[in-house]
Amino acid sequence: KIKILAISGSLRSNSSNTALVRAIANLSPKNIDFTIYNGLGDLPHFNPDIDIDDHEPPAVKDLRTQLKEADGVLICTPEYGNGVPGVLKNALDWIVSSGEFMNKPTAVISASPSPMGGDKAHASLLLTLKMIDATIVEGGTMMIPHIGLKLNKEGIITDLDTKQKLLSVLWMLEQACH
Ligand code: FNR
């Protein structure tokens with residue numbers, strides 16, 4: 001089985017990005033072991049002073065272990081203030097020195113109610129992921145504009161085109177994990 005760790009960059013309970021991650025989990029075939037990371041809000045603020053070998057904060061250790069064990073990663077993020085949400089950037093900052101993203105096939109999705117689809121956060125996230133040597137999956141990136149029109153209140157994808165593109169991203173990620 002292929003292990004995919006999915007991360008939503010939003011802490012909001014009604015998050016469209018978290019809804020997308022859940023929808024993708026429901027779309028994923030049986031040969032994928034799809035885990036949704038739920039520790040983003042528990043990570044301490046990145047501070048090298050508390051990143052002590054074998055004594056890193058438990059939430060950091062948990063993130064690093066989950067990333068290490070994953071064959072591939074899928075990130076779904078909103079954009080805040082033209083950038084990557086602080087909580088998501090914070091999580092990545094913890095990984096810069098430990099290296100769990102190295103050569104890790106990674107798919108990147110941004111979703112926003114704006115017509116730009118979170119393009120600035122998307123571009124910024126790619127810069128950070130490339131810096132930590134993640135393998136950005138070809139065909140594994142997607143920006144979703146007008147997200148409010150594509151998910152219903154229950155978080156189900158109602159837009160067929162979006163659903164097909166998400167399936168394609170998942171397929172490309174899966175291929176990159178083999
Ligand atoms: C936003 N939003 C937003 N959207 C965007 O495309 N570019 C941006 O720079 C911002 N900035 C921003 C700042 C703040 C303070 C808020 C509250 C919101 C809108 C954002 O995309 C929208 O709230 C999404 O629904 C957030 O994603 P989730 O939580 O639905 O996944």
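A residue is exposed here if 12 or fewer other C-beta atoms lie within 10 Å of its own, buried if 20 or more do, and partly exposed in between. With that cut-off in hand, the tour can begin, bearing in mind that the model is predicted.

**The whole chain**

Select the entire chain and colour it by secondary structure, which brings up five helices and five strands. Followed along the sequence, these elements alternate in the pattern β-α-β-α-β-α-β-α-β-α. The radius of gyration is 15 Å, close to the 16 Å that the globule rule gives for 178 residues, so the chain is as compact as a globular protein of that length. If you orient the view along the principal axes, the C-alpha atoms fill a box of roughly 45 × 35 × 25 Å. Of the 178 residues, 38% count as buried, and among contacts between residues at least 6 apart in sequence, 77% join residues at least 24 apart.

**Helix H5**

Next select residues 160–177, which form helix H5 with its 18 residues; the distance from its first C-alpha to its last is 26 Å, close to the 26 Å expected at 1.5 Å a residue. Show the side chains of Thr162, Leu166, Val169, Leu170, Leu173, Glu174 and Ala176, which are the buried residues of H5. Looking down the axis of H5, you will find these buried residues within an arc of 165 degrees, so they line one face of the helix. Turn the helix round, and the face directed away from that buried side carries Leu160, Asp161 and Gln164, which are exposed.

What do the buried residues of H5 pack against? To see the partners, add strand E1, helix H1 (16–27), strand E2 (32–36), strand E3, strand E4 (105–111) and strand E5 (135–144) to the selection.

**Ile2, in strand E1**

From H5, move to Ile2, which lies in strand E1. Ile2 counts as partly exposed because it has 19 C-beta neighbours inside 10 Å, whereas a buried residue needs 20 or more. Leaving aside neighbours within four places in sequence, the contacts of Ile2 are Asn31, Ile32, Asp33, Asp71, Gly72, Glu174 and Cys177. One of these, Glu174, has already been met among the buried residues of H5. For Asp71, draw a distance between C-alpha atoms: Ile2 and Asp71 are 69 residues apart along the chain, yet their C-alpha atoms are separated by 6.3 Å.

**Helix H2**

Now select residues 58–69, the 12 residues of helix H2, whose end C-alpha atoms are 16 Å apart, in agreement with the 16 Å that they should span at 1.5 Å a residue. Val60, Leu63 and Leu67 are the buried residues of H2. Seen down the axis of H2, they fall within an arc of 65 degrees, so these residues line one face of the helix. On the other side of H2, look for Pro58, Thr65 and Glu69, which are exposed. The elements that cover the buried residues of H2 include strand E1 (2–8), strand E3 (72–77) and helix H3 (86–96).

**Val87, in helix H3**

Stay with helix H3 and pick Val87, which is found in it. Val87 has 17 C-beta neighbours inside 10 Å and therefore counts as partly exposed. Apart from neighbours within four places in sequence, Val87 is in contact with Gly9, Leu11, Leu40 and Gly41. A C-alpha to C-alpha distance drawn from Val87 to Lys120 gives 16 Å, for a pair 33 residues apart in sequence.

**The surroundings of the ligand**

Select the ligand and display the 15 residues that surround it, of which the closest are Ser10, Ser15, Asn17, Pro78 and Ser112. By residue class, this shell divides into four nonpolar, nine polar and two charged residues.

**Two backbone stops**

Finish with two residues whose phi angles deserve a look. Asn103 lies in the loop between H3 and E4, and its phi is near 60 degrees, a positive value in a residue other than glycine. Is Asn103 buried or exposed? Having 9 C-beta neighbours inside 10 Å, Asn103 counts as exposed. The last stop is His146, in the loop between E5 and H5, which has a positive phi of about 50 degrees although it is not a glycine. His146 has 15 other C-beta atoms within 10 Å, so it is partly exposed.

Note on methods
Residues are numbered from 1 along each chain as its sequence is written. This is a predicted model: local features need pLDDT of at least 70, side-chain atom pairs count only at pLDDT 80 or more; totals for chains, interfaces and linings use all residues. Helices (H or I, at least four residues) and strands (E, at least two) are DSSP runs, numbered from the N terminus. The expected span of a helix is 1.5 Å times one less than its number of residues. The arc is that of the directions from the helix axis to the C-beta atoms. Two residues are in contact if their C-beta atoms, placed from the backbone, lie within 7 Å. The radius of gyration is taken over C-alpha atoms; the globule rule is 2.2 Å times the number of residues to the power 0.38. A residue is near a molecule or strand if its C-beta atom, placed from the backbone, lies within 6 Å of it. Ala, Val, Leu, Ile, Met, Phe, Trp, Tyr, Cys and Pro count as nonpolar, Asp, Glu, Lys and Arg as charged, and the others, Gly among them, as polar.
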